[in-house]
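Trainee: Could we go through this structure together? I would like to learn how the words used to describe it are justified.

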Amino acid sequence: MRPVIAAAEDGAEVSVAVLDVASGRRAVHGTGLFETASIVKVDILAALLLRAQDEGRSLTAQEKRYAAAMIEVSDNASASALWTAIGGAAGLDAANGRLGLTDTEGGAGTLWGLTRTTAADQLTLLQQVFMGRGDSGEASRLSEASRAYLQGLMGSVAEDQDWGVSAAGGTRTAERRFALKNGWLPRTATGLWVINSVGRVTTAEGREFLVAVVSKGSTTKAKGISLVESAARAAVSVFTVRSAGVHVQKLSPYESNESS
């Protein structure tokens, strides 16, 4: 991350977490709290799916329409409707307690985009969605059907949202296998941008990684995207070229050597 930080604008901050699916190893840079912007929509849908599971039902047709619009095209009105359906911040926080997210707090009132989180927490959520287990090896609270549904939507995002963590994946058309959710938000008070990206990417060599990047303080959306993409590429490179200053943690044996 040293060259990434060196190239960033003054005042811009970035944190990244990555997990090598095959080995179960992870690397994390930064521990700060960041506003989620629209990456929280993955969390909102996970909370809705947990609620539906508890009630022994599938999502309604309307909930599915909201979910598809919220994830695939990042529709904010749909997110607001589902935010209300899960009980707002209290509902999100309760779901996150079950999913193993320990440093994420729902935004006040209707401000779901101001939910605060860490890159490490977002990686935990990605594990629940894509690997079917939490940090300590316990099975995901999300059912197989719920996980497949979320993965499918994240793998069908609009073409204009093919940026962020997908930059760390393959470059040729046949290698462009990714599932993601991006978030972008200009803060009214400062005019500076929150730019985030979370998801699963596949490299040209066929290796799969879960990557979460959160950032704030960029002067333009384009510069924020560049920062996030540079961080995602640096994170994935840890597992091919060991980078100084990045902590790599080996997970417990039962978390290793499984693919998503």
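Mentor: Gladly! Let's start with a word we will need: buried means under 20% relative accessible area. Keep in mind that this is a predicted model.

Trainee: Which residues of helix α8 are buried?

Mentor: Gly 224, Ile 225, Leu 227, Val 228, Glu 229, Ala 231, Ala 232, Ala 234, Ala 235 and Val 236 are the buried residues of α8. Their cover includes α1, β1, β6 and β7.

Trainee: What span is expected for α8, at 1.5 Å a residue?

Mentor: The expected span is 1.5 Å times one less than the number of residues. For the 17 residues of α8 (221-237) that gives 24 Å, and the helix reaches 24 Å from its first C-alpha to its last, close to expectation.

Trainee: What makes α2 largely enclosed by the rest of the structure?

Mentor: Count the residues under the 20% cut-off. In α2, 12 of the 15 residues are buried, so the helix is largely enclosed. Among them are Val 40, Lys 41, Asp 43 and Leu 50. The buried residues of α2 pack against α3, α4, α5, α6, α7 and β5. Just after α2, Gly 56 has a positive phi of about 65°.

Trainee: Why is α6 called roughly perpendicular to α7?

Mentor: The two helices, α6 (119-130) and α7 (144-154), pack at about 110°, their axes 8 Å apart. Roughly perpendicular covers 65 to 115 degrees, so α6 earns that description relative to α7.

Trainee: Which residues make that contact?

Mentor: From α6 come Leu 126, Gln 128, Val 129 and Phe 130, while α7 brings Arg 147, Leu 150, Gln 151 and Met 154. By type, the contact residues are 5 nonpolar, 2 polar and 1 charged.

Trainee: How do you know that β7 pairs with β1 and β6?

Mentor: Pairing needs at least two bridges. Strands β1 (13-20) and β7 are joined by 8 bridges and run antiparallel, and β6 (193-202) and β7 have 10 bridges, also in the antiparallel sense. Both pairs therefore meet the requirement of at least two. As examples, Ser 15 stands opposite Val 214 of β7, and Ile 195 has Ser 215 of β7 as its bridge partner.

Trainee: How many residues lie between β6 and β7 in their hairpin?

Mentor: There are 5, and Gly 206 in the turn has a positive phi of about 90°.

Trainee: What makes β7 mostly covered?

Mentor: The same cut-off of under 20% applies: 9 of the 11 residues of β7 (208-218) are buried, and the strand is mostly covered.

Methods
Residues numbered from 1 in each chain as written. Predicted model: local features only at pLDDT ≥ 70, side-chain atom pairs only at ≥ 80, totals over all residues. Heavy atoms only, no water. Axes fitted to C-alpha atoms, helices over the stretch in contact; angles between N-to-C directions. Helix = DSSP H or I, 4+ residues; strand = E, 2+ residues; numbered from the N terminus. Parallel < 35°, antiparallel > 145°, perpendicular 65-115°, else oblique. Contact = heavy atoms within 4.5 Å. Nonpolar A, V, L, I, M, F, W, Y, C, P; charged D, E, K, R; others polar. Buried < 20%, exposed > 50% of the residue type's maximum accessible area, 1.4 Å probe, protein only.
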